[in-house]
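Keep the sequence and the 3D view open side by side while reading. The text below walks through the chain part by part.

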Amino acid sequence: MKDIQLQTNIKGLIGEIKIPGDKSISHRSVMFGAIAHGETKVTNFLLGEDCLSTISCFRKLGVTISVKGNELQIIGKGFEGLNEPNELLDVGNSGTTIRLLMGILAGRPFFNSLIGDKSIGKRPMTRVTNPLKQMGAQIDGRENGAYTPLSLRGGNLKSFTYELPVASAQVKSALILAGLQAKGETTLIEQAETRDHTERMIRKFGGEIEKDNLTIRVKGGQQLKAATIHVPGDISSAAFFLVAGVIVEGSEITLRNVGLNPTRTGIIEVMQAMGADIQIHVQDESSFEPVGDIVIKTSKLKGTVVQGEIIPRLIDEIPIIALLATQAEGITIIKDAEELKVKETNRIDTVVNELNKLGASIEATDDGMIIHGKSELKGGKVSSHGDHRIGMMLAIASLLCKEEVILENPEAISVSYPNFFDHLDSLIK
Ligand code: S3P
């Protein structure tokens, strides 16, 4: 796609949108459907590029997956139903696909070659490959298995006790998926709580997993049974409209069907601390993933500090929180967020450079950023740098800009939110 001119200087955002399916849960629904026994049905699946990469990899492993609109049918034959692929497994731009897939393949006694796009080629894989090698998988790759392309031959895994060196749901999930195939019980100790969709999904598929604070225990050799999964809306996608509704004068937006899993709602806590007018109507707290509607209105904001245990609960929302902070009175400090450097782009650099081009005043730090508010945003030429969340954040920033804004590389947005611009256009007054 060519560069696009973004909407600027708008008068308000009014209306309601139904938030598309959660990316993390959509990936896991395919993976669990594939490793369970029987026919899994998934509704409200996210048809973003990343989740399509997951479907494509599992088809290459011999799993029958049919897609009709946003509904999937997956015929699972257990871990042992996966077959040696005769093609490369290409994960595209998706870190979740490659890391969780390696956890599954670590227990399979066959050869795999894994590749991805340029951005995947820069993302660290030793956080997953090192512990999987300790469990018994044979993994090699560029720079001793640190980066793609990677080769993996699994089988005969040993269980272990492992303290995760990073707060990462991707690493935790990969090791749980390997643990399900290992002899004995695997114990994982997290540094901080991260999204728990994998744990919830194991239970939904009839398996058992124990959780005691930051310690997780999972037994190998469990047989999972097919399930029916309704994917809730992605709070990480809703985040762009949550922030837009607060910072654009004269706005009131209702967001329907938003996943409200407490391991993902850090952004709501931060917005409330900054003074945002947010009303939450929880529909179903008891279901496998809690869901609700959110109503948001233009609000006066003040700066805050975002740090510590909340960081993993809002890690993907930091780009849009940075934009929010440019519209708050005073200083906002984001720290303990060095993980931003190893996302689809180095998100400390891309957020700071791109928003400053538009007139914001943000300093990069080693583990986050310092944002001086309130800034008047002007205009200019900005780039997503191939990072979906940077592209969407800039499209929301442009709504406040007085002059023309051109976005380079807008196609990256289809990774997680293919109809983002349709939703945005439907709200503009
Ligand atoms: C994800 C976990 C997070 C997040 C990513 C999706 C997942 O990564 O940034 O977008 O689905 O498990 P880390 O767990 O590596 O921080």
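What follows goes from the domains to the sheets, then to one helix and one serine.

This is a predicted model. Start with the overall division. The domain assignment splits the chain into domain 1, made of 4-21 + 232-427, and domain 2, covering 23-230. Domain 1 is therefore written as two segments, while domain 2 is written as one. Measure from centre to centre over C-alpha atoms, and domain 1 and domain 2 lie 28 Å apart. Domain 1 brings 31 residues to the contact, and domain 2 brings 28 residues.

How much area is buried between domain 1 and domain 2? The figure is about 2400 Å², and carbon and sulfur atoms give 50% of it. The size of an interface is often given as the accessible area lost when the parts come together. Charged pairs also cross this boundary: three salt bridges are counted between domain 1 and domain 2. Look as well at Glu-344 and Arg-123. Their side chains meet in a salt bridge, with 3.9 Å from N to O.

Now turn to an open sheet. Four strands build it, in the order β2-β15-β17-β16, and the pairing is mixed. At the edges stand β2 (14-18) and β16 (277-284), each of which pairs on one side only. From one strand to the next, the twist averages 15 degrees. Inside the sheet, β15 (residues 252-259) and β17 (residues 291-297) run antiparallel and are joined by six bridges. To find this pairing on screen, pick Leu-255, whose bridge partner in β17 is Ile-294. Strands of a sheet pair through backbone hydrogen bonds, either parallel or antiparallel.

Helices pack on this sheet. Helix α9 (residues 266-273) touches β16 and β17, and its direction makes about 150 degrees with that of β16. Helix α13 (residues 420-427) lies across β2 and β15. The angle between α13 and β2 is about 155 degrees.

Another set of strands meets at β23 (residues 405-408). Strand β1 (residues 4-5) runs antiparallel to β23, with two bridges between them. Strand β22 (residues 380-383) runs parallel to β23, and four bridges join this pair. Leu-407 is a handy marker in β23. Ile-4 stands opposite Leu-407, and so does Val-382.

Next comes helix α7 (residues 197-204). Is α7 mostly covered or mostly open? The helix is mostly covered, with six of its eight residues buried. The buried residues are His-197, Thr-198, Glu-199, Arg-200, Met-201 and Ile-202. Charged side chains are named in that list, including Glu-199 and Arg-200. What do the buried residues of α7 pack against? Their partners are the helices α1 (23-35) and α6 (169-179), together with the strands β12 (210-212), β13 (215-219) and β14 (228-230). After α7 comes Gly-206, with a positive phi near 80 degrees.

Finish at a single residue. Where does Ser-94 sit? Its place is the loop between β6 (89-90) and α3 (95-105). Why does Ser-94 count as buried? Its relative accessibility is 1%, and buried means under 20%. Which residues touch Ser-94, once neighbours within four places in sequence are left aside? The contacts are His-27, Asp-50 and Ile-120.

Definitions and conventions
Residues numbered from 1 in each chain as written. Predicted model: local features only at pLDDT ≥ 70, side-chain atom pairs only at ≥ 80, totals over all residues. Heavy atoms only, no water. Buried < 20%, exposed > 50% of the residue type's maximum accessible area, 1.4 Å probe, protein only. Contact = heavy atoms within 4.5 Å. Pairing = 2+ DSSP bridges. Axes fitted to C-alpha atoms, helices over the stretch in contact; angles between N-to-C directions. Buried area = accessible area lost by both parts, 1.4 Å probe. Salt bridge = Lys/Arg side-chain N within 4 Å of Asp/Glu carboxyl O.
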